[in-house]
Amino acid sequence: MTGRILLTGGAGYIGSHTYAALSEAGYEVEILDNFSNARLDVPDRLEMITGRPVTVHRCDVLDPEGLARVFASNRFDGVVHFAAKKAVGESQKIPLDYIETNCTGLVNLMKAMRAAGCFRLVFSSSATVYAPTLDWPIPEEAALGYASTYALTKLMGEQIIRATAEGDPRWRFGILRYFNPAGAHPSALIGEDPSDIPNNLMPYIAKVATGELPYLNVFGDDYPTPDGTGVRDYIHVVDLARGHVLSLDALMRGDESHIVNLGTGQGYSVMDMLKAYERACGKPLPHRVAPRREGDLACYYGDPAKAKTLLGFQAERGLEDMCQTSWAWVSRASNSRQG
Ligand code: WQD
């Protein structure tokens, strides 16, 4: 498939991997980013991966005039929208900032798209829009809810898009609900690059492996799971990126809008991940059992069937590859924030 695509948040973790996947699939891709949570050298690294110049629009989704200028610069056939705040814990501390960036930013983007006659939108959503449940794997029809302001903004984002499309049939959207993204690009040139102490499991383990953090806190080992530690549906970021390509392909060929899980349907525990990472880095990793983290659920993984039926998407990479590519990324000295 071909077309010109604007990638908001395209310098970020999932955005940069999606840039590489879209470029490889034959799309012309441009990045819009304010670089508030992305390294400035990501476009250069993407140029090394794709072998082609990277067009970057330094712009904030809270800047309607800036967005209008970007859409005036080129005719885009579609937009993949990643630009948002995404830390669950932080969202509880600054909820209004999360609602403004994630919801007002989305409205600004969609108004700029509409003014430019661009009506194909792929939206980065999250499995956190599902209400806590004991029924796994979780299908798209499961009850929705939110346990954090971050999740609220993702749920509101979905409703904003669905209401807009119900009122104007020109819109076509792909809402993609991610489970737990992990891993890095095989080139080791892009990957997850948290600037502070990570909340998520894999980037935290990665910093233990590089020695930046002394040990992993295992948040509870008394859950009703096979080894007592939390179980999640980790999906390789390269598989996740390919899911975006397939979603956009569907919109470009005129398929109906879709809402799908992007997960593997396979649950792995904290200890599964830790042991896989020890195999990847070739050394034991210090860890200690800590109290459960507030709000955590025992087990959480998605039903991937609908993405396969509608988009032909199926995750191909497993936990070993997620850990190996993550280790290759973090252990490359030039990739450290100080590097
Ligand atoms: C995974 C498991 C923890 C850190 C988050 C957010 C959101 C979403 C997916 C985008 C749990 C355990 C973790 C640590 C640990 N992303 N853990 N020690 O909470 O499932 O979901 O990621 O929408 O960001 O909802 O992911 O990686 O924080 O935790 O034991 O230092 O690892 O208890 O069982 P989570 P996580």
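These legends describe close-up views of a predicted model.

**View 1. The shell around the ligand.** In this predicted model, 20 residues surround the ligand. The closest are Ser-126, Tyr-150, Leu-201, Arg-232 and Asp-296. By class, the shell holds 10 nonpolar, seven polar and three charged residues.

**View 2. Polar contacts to ligand oxygen atoms.** Asp-296 places a side-chain N or O atom 2.5 Å from an oxygen atom of the ligand. Asp-296 is also listed among the closest residues of the shell. Asn-200 contributes through its side chain, with a polar atom 3.1 Å from an oxygen atom of the ligand. Asn-199 contributes through its backbone: an N or O atom there lies 3.5 Å from a ligand oxygen atom. On its own, the ligand has 690 Å² of accessible area, and the protein covers 89% of this.

**View 3. Helix and strand at the ligand.** Two elements are shown here, helix H7 (201-209) and strand S8 (216-219); these are the ones that give two or more residues to the shell around the ligand. S8 supplies four residues, the largest share. H7 begins at residue 201, and Leu-201 is one of the closest residues to the ligand.

**View 4. A three-stranded open sheet.** The strands run in the order S12-S9-S14, with mixed pairing. Strand S12 (268-269) and strand S14 (299-300) each have a single partner strand, so they stand at the edges and one side of each has no neighbour in the sheet. S9 lies between them in the strand order.

**View 5. The S9-S14 pairing.** Strand S9 covers residues 231-232 and pairs with S14 in the parallel sense. Two bridges join these strands. Val-231 has Cys-299 of S14 as its bridge partner. Arg-232 falls within the S9 range, residues 231-232. Arg-232 is also one of the closest residues to the ligand.

**View 6. The largest cavity.** Which residues line the largest cavity? The lining consists of His-81, Ala-83, Ala-84, Asn-102, Phe-123, Thr-153 and Lys-154. By class, this is three nonpolar, three polar and one charged. The space inside comes to about 30 Å³. With a cut-off of 30 Å³ or more, the count is one cavity. Empty space of this kind is revealed by rolling a probe the size of a water molecule over the atoms.

Conventions. Residues numbered from 1 in each chain as written. Predicted model: local features only at pLDDT ≥ 70, side-chain atom pairs only at ≥ 80, totals over all residues. Heavy atoms only, no water. 1 Å grid on protein atoms, 1.4 Å probe; cavity = no way out; pocket = protein on both sides within 12 Å on 5 of 7 lines; lining within 4 Å. Points joined across faces, edges and corners; volume = space filled by probe spheres on them. Nonpolar A, V, L, I, M, F, W, Y, C, P; charged D, E, K, R; others polar. Near = heavy atom within 4 Å. Polar contact = N/O pair within 3.5 Å; in protein donor to acceptor, adjacent residues only side chain to side chain. Areas by Shrake-Rupley, 256 points an atom, 1.4 Å probe, with all protein chains shown as cover. Pairing = 2+ DSSP bridges.
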